[in-house]
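Here are some friendly notes for anyone opening this structure for the first time. Keep the view at hand and follow the points in order.

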Protein chains: 2
Amino acid sequence: MTEERESVYERLKDRLATISDLSSANGLLFWDRQTYMPEGGVAGRAEQMATLSRLAHEMFTDAEMNRLLGSSEELDPSSEKGALLRRVRRDHERATRLPAKLVAEIARTTTLAESAWVKAREESDWSLFAPHLQKIVRLQRETTEHLGYDGHPYDALLDGYEPGARTVQLETMFEELKEGIVPIVRAIAGRAYEEDRTALLHGTFVEAEQEKFGKVVINAFGYDWERGRQDRAVHPFCINFGPGDVRITTRFDKGWLAPALFGTMHEAGHALYEQGINPDYARTPLGGGTSMGLHESQSRLWENLVGRSKLFWSYYYTMLQKAFPGALSEVDLEAFYRAINVLEASSIRVEADEVTYNLHILLRFELEVALIEDELSVVDLPAAWNAKMKEYLDITPENNTEGVLQDVHWSNGLFGYFPTYAIGNVLSVQFFDEALKQRREIPIEMKEGKFSTLHIWLRENIYRHGSRYYPDELIERVTGRPLDTAPYLRYLKNKFSELYDLD
Amino acid sequence: MTEERESVYERLKDRLATISDLSSANGLLFWDRQTYMPEGGVAGRAEQMATLSRLAHEMFTDAEMNRLLGSSEELDPSSEKGALLRRVRRDHERATRLPAKLVAEIARTTTLAESAWVKAREESDWSLFAPHLQKIVRLQRETTEHLGYDGHPYDALLDGYEPGARTVQLETMFEELKEGIVPIVRAIAGRAYEEDRTALLHGTFVEAEQEKFGKVVINAFGYDWERGRQDRAVHPFCINFGPGDVRITTRFDKGWLAPALFGTMHEAGHALYEQGINPDYARTPLGGGTSMGLHESQSRLWENLVGRSKLFWSYYYTMLQKAFPGALSEVDLEAFYRAINVLEASSIRVEADEVTYNLHILLRFELEVALIEDELSVVDLPAAWNAKMKEYLDITPENNTEGVLQDVHWSNGLFGYFPTYAIGNVLSVQFFDEALKQRREIPIEMKEGKFSTLHIWLRENIYRHGSRYYPDELIERVTGRPLDTAPYLRYLKNKFSELYDLD
C-alpha cells in the first residue's frame with residue numbers, strides 16, 4: 001500500500017494527540033489525588049492511573065506506531081516538523097528498548113520499595129530499605145544495558161531526564177561547582193555569628209495573607225490566572241493539561257514564611273515555562289519543557305535570581321510588612337534580605353540554601369554513579385553518604401533518617417534525576433545574565449516590581465520553543481555557548497561575599 | 001483455539017475494568033471542568049474528553065470484545081456472574097447497533113445545537129434553535145431504527161436511560177399521575193392566599209452556615225465523607241470514580257435558602273446509592289445504579305420524603321434557626337414547613353414544587369413522543385408547548401425562554417430522559433412506604449434526627465445490588481409488585497390536603 005507522506009504525518013500526529021490526551025487525563029488523576037481526592041479513592045485511583053499509563057505506553061509502542069514512524073520522512077530537525085519527528089523517534093526508541101517484563105518488574109519493585117522506605121525512614125533503619133534498593137540498582141543496571149550508551153552506563157539513565165546529557169560533562173560541572181562552592185561554605189562556616197538571622201521568618205503568618213501576597217507576586221511575574229490556578233498540596237508541584245491549563249500547588253506553614261513564599265515563586269517559574277510554549281505544539285511531544293534541567297532553571301531563576309534579590313525586595317518588602325505587621329514591622333529590609341539568604345550547612349537537602357544545595361546534589365550524583373558502576377555496594381551506602389557529608393559540608397547526620405534515607409527518589413527508581421537540580425541552578429544564572437545583557441531595562445523594572453521585559457525575553461528565547469530543541473541546542477542558541485558554571489559561581493561569590501562581608 | 005470458559009470470563013472482566021477506568025478518568029475530567037478548571041482549559045478539555053470517550057467506545061465494541069462475548073457462557077442471570085454477562089451483552093448490543101457515522105453525526109449536531117440553544121434562549125428566538133432540533137429529531141428517529149424496538153420507536157430511546165421501560169407503560173403512569181395531580185393543583189390554585197408563604201426563604205443566609213448545616217444533615221443521612229466530598233458547581237450533580245470516591249456538588253445562593261438546602265439532600269441521595277453498592281462490583285458494569293429512574297427515586301426520597309417532611313424538621317428546625325437567627329428566629333416550625341412545601345404552578349420546571357413537577361415532565365414526555373412519531377413538527381412545538389402548559393398548569397409562558405426553550409436536554413439529544421424524573425418521584429414513595437412497613441422504627445428515629453435504619457434498609461434492599469437487577473426486577477423484588485402510582489398519589493393527596501386544608 002502506498003501512502004502519501006502527508007497522510008502518514010497526519011496520522012502520526014493524530015495518534016500523538018490521543019496519547020497526549022491520555023497523559024493529560026492521567027495528570028489530572030494525579031493532581032486530584034494530591035489535592036482533593038478523599039482517602040477512600042486511593043485504591044481505585046491507583047488502578048485508573050495504571051490503566052491510563054498502560055494504554056498510553058501501548059499506543060506509543062504498538063505496530064501501527066512503528067509503521068507510521070517507519071514510513072515517515074527523514075526531515076531536517078531545524079524545521080518544526082523535523083524537530084517533532086526527531087523527538088518522537090527518540091522517545092519511541094527509549095520506550096521500545098525496554099522489555100515490558102522489565103518495566104513491570106520496575107513498577108512492582110518500586111511500589112514495594114517506597115513503602116519499605118517510608119518505614120525505614122520512620123525507624124531510621126537502613127536494613128529495612130537496603131534489600132529493596134539492591135534490587136532497584138540491579139534493575140537500573142539492567143535498564144542501562146537495554147537502553148544502550150556510548151560512554152558511561154549512567155548516561156542511559158541521565159538521558160531520560162536530560163536528553164543528551166553525559167556523565168563525563170556532569171563530572172566536570174560538579175568538579176567546577178565543588179571548587180567554587182566549598183571555599184565559600186568554609187569561609188562562612190569559619191565565622192561566628194551571635195544572632196540567628198533566620199529567626200524573623202518564624203512567627204505567626206496568617207495563611208490567607210501568605211496566599212494573597214504570593215498571588216500578587218506571581219501575577220507580577222506574568223502567571224496567567226485564566227490559564228491556571230493555585231491549590232494546596234503537601235508536596236508542591238506544577239502540572240499542566242495543555243497550554244490553557246497550567247496549575248501550581250503550594251504548601252502553607254502558618255509558623256514559617258519561607259516555604260509558601262519561595263515555593264509559590266518556584267512553581268510559578270515552572271508554570272511560566274509551560275504557559276509560554278507555542279500553543280501550536282499542544283497535544284504533541286513538543287508541547288512541554290525540553291528537559292528537567294531546563295525546567296528547573298526557570299523555577300530557580302524566578303525563585304532565586306528574582307525572588308531572593310535585593311532589587312525585588314526593595315519594591316515588595318513594604319507590601320510584605322503590611323501583610324504581616326506583627327511579625328515584620330520592626331524588621332528592616334536589610335535584615336529580611338539577610339534572613340532569606342542565610343548560608344548554613346544542613347544535613348537535609350530540601351532545607352538547604354542556594355549555595356550548599358549543590359553539594360547535596362553532588363553527593364547524590366557521585367553515589368549514584370558509583371552504585372551503577374558497581375563500585376559501591378548498597379550495604380556500604382550509609383557510610384559513604386556520611387563520609388561525603390563530612391567532606392563537603394562538615395556535617396555528620398544524626399541518623400540515617402536525616403542522612404541517606406531522607407529522599408524518596410531512589411525508592412522510586414529515579415536514578416539520573418538528581419543532577420538536573422544542579423543543572424537548573426547553573427543554567428538559571430547563565431540565562432539570567434544573558435537576559436540582562438540583552439535587555440538593560442530589566443533591573444530598572446525589577447526595582448519597580450515589574451517583570452514583563454524579563455518574562456517576554458524568556459518566553460521568546462526559551463519558553464515558546466517547548467521541546468523543539470534539545471537542551472544543549474537551546475543553551476547554545478540562547479547564550480551562544482554551552483552550559484557554563486562561571487556565571488553561576490561568579491553570582492554566588494558576589495552575592496554571599498557581600499552578605500557575609502567576605503573579602 | 002479452545003479457550004477455558006473461566007479464562008474468557010477473566011479476560012472479559014479485565015477489559016471491562018480498563019473501560020471502567022477510562023470512564024472514571026473521563027468523569028474526573030468532567031468534575032474538574034464543572035468545579036475548578038480555569039477558563040483557558042476549555043478547548044483542551046473537550047479534546048481530552050472526546051478522546052477518552054472514543055477509546056472506551058472502541059474497546060467496548062471491537063473484535064476482541066465480540067469474540068469474548070461470543071465465547072462466554074450463557075448463565076442464569078440470577079447469579080452475579082450471569083447478571084454481569086447479561087448487562088454487558090445488553091449494553092454491547094446497544095453500542096454496536098449504532099453505526100459510528102451516526103454516533104459522530106449526533107455528536108457534531110448536538111455540539112452545534114447546544115450553542116444555538118444558548119443563543120436562542122438568550123434572545124427568546126425559536127427560529128434560531130428550530131433547524132437544529134429538526135436535525136436532532138431526525139437523528140433520534142434514525143437511532144430508533146438502528147436500535148430496534150418491539151412496540152413504540154420511543155421505547156428504543158427510553159431504554160437507554162431506563163432499561164426495559166416501555167412507552168405504553170409510561171402512558172398509563174402519566175395518565176394516572178395526571179388524574180391524581182390535576183385536581184390537587186386546581187383545588188389549590190382556586191384558593192386565594194393573602195400572604196406569600198415562601199418569602200421567609202429569601203433573605204440573608206451566610207454561605208458558610210448553609211454549607212455547615214447541609215453537611216450535618218447529609219452526615220446524619222449516612223453520607224461517608226471518607227469516600228466523598230462536596231464542592232461548588234453552577235449545575236449541581238453527583239459523580240463517582242468507584243465506590244471509594246463518590247462526590248457531590250452544590251450551588252449556594254446567599255439570598256435564598258432553598259437551592260443549597262434541598263440540592264445538598266438531593267445529590268446526597270444519589271451519592272448514598274453509589275456509596276452503598278457492593279464494592280465487589282467496582283470496575284464492572286454492575287458497579288453503578290441500575291437506571292436513571294431508580295437513581296432519581298433515591299435523590300427524591302431523601303430530598304422530599306425525608307427533607308421536606310414534618311418529622312425531619314421537628315428535629316432539625318431548631319438547629320436551622322440557630323444557624324440563621326436573623327432570618328428565622330421569628331419564624332415558627334409550621335410556617336417554615338409550609339414555606340418549603342408551597343404548591344404553586346410555575347412555568348419553569350426546575351423551580352416547580354413536588355406536585356406540579358410531574359406535569360412538567362408529562363408535557364415533555366407527550367411532546368417527545370409526538371416528535372418521534374412524526375405527529376408533531378418542530379415548527380409547531382412552541383404552540384403545542386404553550387397549549388399543554390395552559391391545559392395542565394393554567395399558565396401561559398411569557399415567552400419561549402420561559403417556555404419551550406428552558407431546558408438544555410433536547411439540544412443535547414437526550415430524548416427519553418425526562419420521563420425518568422417522574423419515574424423517580426413515583427418510586428420514591430413506593431420504596432419509602434415499603435421501608436416504613438418493614439421497619440416501624442423509621443419515623444421514631446427520624447423524629448430524633450436519625451436515619452440509620454432507613455439508610456441500612458435502602459442499602460440492603462436497593463443500593464448494594466448496583467446494576468445486578470433491571471429496574472422492573474428490583475422494584476418487584478423490593479416491594480412485591482411493579483411500579484405503582486397509588487402510594488405516590490396517596491402521599492401527595494394527604495400531604496397537600498393537610499397543608500392547604502382541603503377536604
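1. A word on burial comes first. A residue is called buried if 20 or more other C-beta atoms lie within 10 Å of its own, and exposed if 12 or fewer do. Please also keep in mind that this is a predicted model.

2. Let us try that rule on one residue. Is Met265(B) buried or exposed? Met265(B) has 25 C-beta neighbours inside 10 Å, so this residue counts as buried. Met265(B) is part of helix α10 of chain B. Leaving aside residues up to four places away in sequence, Met265(B) touches Val217(B), Ile218(B), Trp302(B), Glu303(B) and Gly307(B). You can also look for Arg300(B): this residue is 35 residues from Met265(B) in sequence, while the two C-alpha atoms are 8.6 Å apart in space.

3. Now for the surroundings of that helix. Helix α10, residues 258-275 of chain B, lies across β2 and β3 of chain B. Relative to β3(B), the helix runs at about 170 degrees.

4. The sheet of chain B comes next. In which order do the three strands of this open sheet lie? The order is β1-β3-β2 in chain B, with mixed pairing. Its edge strands are β1 (230-232) and β2 (238-240) of chain B, each of which pairs on one side only. On average, and ignoring direction, neighbouring strands of this sheet are turned by 30 degrees against each other. β1(B) and β3 (residues 246-250) of chain B run parallel and are joined by three bridges. To find your place, look for Arg232(B), which stands opposite Thr250(B) in β3(B).

5. For the pairing in chain A, a little background may help. Strands of a sheet pair through backbone hydrogen bonds, either parallel or antiparallel. Strand β1 (residues 230-232) of chain A pairs with β3(A) in the parallel sense, over three bridges. Here Gln230(A) has Ile248(A) in β3(A) as its bridge partner. Strand β2 (residues 238-240) of chain A is also joined to β3(A) by three bridges, but these two strands run antiparallel. In this pairing, the partner of Ile239(A) in β3(A) is Arg247(A). The hairpin of β2(A) and β3(A) has five residues between the strands, and Gly242(A) takes a positive phi near 100 degrees there.

6. Stay with β3(A) a moment longer. How many of the five residues of strand β3 (residues 246-250) of chain A are buried? The count is five of five, and the strand is mostly covered. The cover extends to both faces: Val246(A), Ile248(A) and Thr250(A) are buried on one side, and Arg247(A) and Thr249(A) on the other.

7. Helix α20 of chain A, residues 471-479, has a buried side that is worth tracing. Pro471(A), Leu474(A), Ile475(A) and Val478(A) are buried in this helix. Seen down the axis of α20(A), the buried residues fall within an arc of 100 degrees, so they line one face of the helix. Among the elements that cover them are α11 (292-306), α17 (419-438) and α19 (452-461) of chain A. Just after α20(A) comes Gly480(A), with a positive phi of about 80 degrees.

8. Chain B has its own helix α20 (residues 471-479), where the buried residues are Pro471(B), Leu474(B), Ile475(B) and Val478(B). These pack against α11 (292-306), α17 (419-438) and α19 (452-461) of chain B. Gly480(B), just after α20(B), takes a positive phi of about 80 degrees.

9. How do the two chains relate? A turn of 180 degrees, with a shift of 0.0 Å along the axis, lays chain B on chain A with an RMSD of 0.0 Å. That is the relation of a two-fold axis. The same surface serves both copies, as 100% of the contact residues of chain B recur in chain A. Which residue of chain B comes closest to the rotation axis? It is Ala25(B), whose C-alpha is at 3.3 Å.

10. Last, the contact between the chains. In total, 30 residues of chain B are in contact with 30 residues of chain A. On the side of chain B that touches chain A, α1 (5-35) and α2 (42-61) of chain B each supply at least two residues. The largest share, seven residues, comes from α1(B). By type, the residues of this side divide into 11 nonpolar, 10 polar and nine charged.

Definitions and conventions
Residues are numbered from 1 along each chain as its sequence is written. Chains are lettered from A and ligands numbered from 1 in the order in which they are written. This is a predicted model: local features need pLDDT of at least 70, side-chain atom pairs count only at pLDDT 80 or more; totals for chains, interfaces and linings use all residues. Copies are superposed by least squares on the C-alpha atoms of residues with pLDDT of at least 70 in both. Two residues are in contact if their C-beta atoms, placed from the backbone, lie within 7 Å. Two strands pair if DSSP finds at least two bridges between them. Helices (H or I, at least four residues) and strands (E, at least two) are DSSP runs, numbered from the N terminus. Axes are lines fitted to C-alpha atoms, for helices over the stretch in contact, and angles run from 0 to 180 degrees between N-to-C directions. Ala, Val, Leu, Ile, Met, Phe, Trp, Tyr, Cys and Pro count as nonpolar, Asp, Glu, Lys and Arg as charged, and the others, Gly among them, as polar. The arc is that of the directions from the helix axis to the C-beta atoms.
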